[in-house]
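The following exercises are to be worked through with the sequence and the coordinates at hand. Each task is followed by a solution in steps.

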Amino acid sequence: MFTAALIFAGLAALVHVYIFVLESLRWTADSTRKTFGTSVAEADATKELAFNQGFYNLFLAVVAVAGIIAAAAGHHGVGAALVLAGAGAMLAAGLVLLISSPSKAKAALVQLAFPLLAVVLVLVSLAS
């Protein structure tokens, strides 16, 4: 169960690294603007905010990956704590997006699905 949790945490980290790339490195690119449904003017006006938000996503991915590495090194408690911190924050952010912007439900579900599975599986593995 714990191994499955780590796999989902890894997938969640990959998604959030991808989000980092879109928000921090490619925010004004045509393909990214199409993905987020923004105009050139909107992308230019929000570039600094997106840059910061992208790094937030990257840092969450780093925390989850640190948990995976710790668990792989045999430090299961530390690994579980870090995975819960990283994936839990990813899950919470996805829920905030879902609740605050129902029109972005697809993006929210992409953002929160893997973290949800990771969190649930870590909690189940800790309870058993």
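**Exercise 1. Place the salt bridge in its helix and describe the exposure of its two partners.**

Asp-30 and Arg-33 both belong to helix α2 (residues 30-36), where they stand three residues apart, about one turn of the helix. Helices here are DSSP runs (H or I, at least four residues; strands are E, at least two), numbered from the N terminus. The model is predicted: local features need pLDDT of at least 70, side-chain atom pairs count only at pLDDT 80 or more, and totals for chains, interfaces and linings use all residues. Residues are numbered from 1 along each chain as its sequence is written, and side-chain values use heavy atoms, with hydrogens and water left out.

Step 1. Apply the criterion: a salt bridge is a side-chain nitrogen of Lys or Arg within 4 Å of a carboxyl oxygen of Asp or Glu. The closest N and O atoms of Asp-30 and Arg-33 are 2.5 Å apart, and the pair forms a salt bridge.

Step 2. Count such pairs. The rule yields one salt bridge.

Step 3. Assign exposure, where buried means under 20% relative accessible area, exposed over 50%, and partly exposed in between (1.4 Å probe, protein chains only). Asp-30 is exposed because its relative accessibility is 56%. Arg-33, by contrast, is buried, since its relative accessible area is 14%.

**Exercise 2. Determine what surrounds the side chain of Glu-23.**

Step 1. Locate the residue: Glu-23 is part of helix α1 (residues 2-25).

Step 2. Look for a charged partner, with Lys and Arg counted as positive, Asp and Glu as negative, and His and the chain ends not counted. Glu-23 is buried but has no salt bridge, and Lys-104, the nearest side chain of opposite charge, is 11 Å away.

Step 3. Look for polar contacts. A polar contact is a pair of N or O atoms within 3.5 Å; within protein, one must be able to donate a hydrogen and the other to accept it, and residues adjacent in sequence count only if both atoms are side-chain atoms. The Glu-23 side chain comes to 3.3 Å from the backbone nitrogen of Gly-54.

Step 4. List the contacts, meaning heavy atoms within 4.5 Å. Apart from neighbours within four places in sequence, Glu-23 contacts Phe-36, Ala-50, Phe-51, Gln-53, Gly-54 and Asn-57.

**Exercise 3. Which backbone atoms does the side chain of Ser-24 approach?**

Step 1. Ser-24 is also in helix α1. Its relative accessible area is 11%, so Ser-24 is buried.

Step 2. A polar atom of the Ser-24 side chain lies 2.8 Å from the backbone oxygen of Phe-51. The side chain of Ser-24 also reaches the backbone nitrogen of Phe-55, at 3.4 Å.

Step 3. When residues up to four places away in sequence are not counted, Ser-24 touches Ala-50, Phe-51, Gly-54 and Phe-55.

**Exercise 4. Identify the helices that supply the largest nonpolar core.**

Step 1. Define the set: a nonpolar core consists of buried Ala, Val, Leu, Ile, Met, Phe, Trp, Tyr and Cys residues joined through side-chain atoms within 4.5 Å. The largest core has 14 residues, of which Phe-2, Leu-6, Val-83, Ala-87 and Val-122 touch the most other members.

Step 2. Assign the members to helices. α1, α5 (76-100) and α6 (105-127) each contribute at least two residues to this core, and α6 gives the largest share, five residues.

Step 3. Examine one member. Ala-87 touches Pro-115, Ala-118 and Val-119, with residues up to four places away in sequence not counted.

Step 4. Note the second, separate core of six residues, which includes Ala-12, Ala-13, Leu-60 and Ala-64.

**Exercise 5. Compare the UniProt record with the helices of the model.**

Step 1. The unreviewed UniProt entry lists residues 6-25, 55-74, 80-100 and 107-127 as "transmembrane region". UniProt positions follow the numbering used here, feature names are shortened, and annotations may be inferred rather than shown by experiment.

Step 2. Residues 6-25 are 100% helix and 0% strand, with end C-alpha atoms 27 Å apart. Residues 107-127 are likewise 100% helix and 0% strand, and their end C-alpha atoms lie 31 Å apart.

**Exercise 6. How far apart in space are the C-alpha atoms of Ser-128 and Met-1?**

Step 1. Ser-128 lies in the segment after α6 and is exposed, because its relative accessible area is 76%.

Step 2. Although 127 residues separate Ser-128 and Met-1 along the chain, their C-alpha atoms are 9.5 Å apart.
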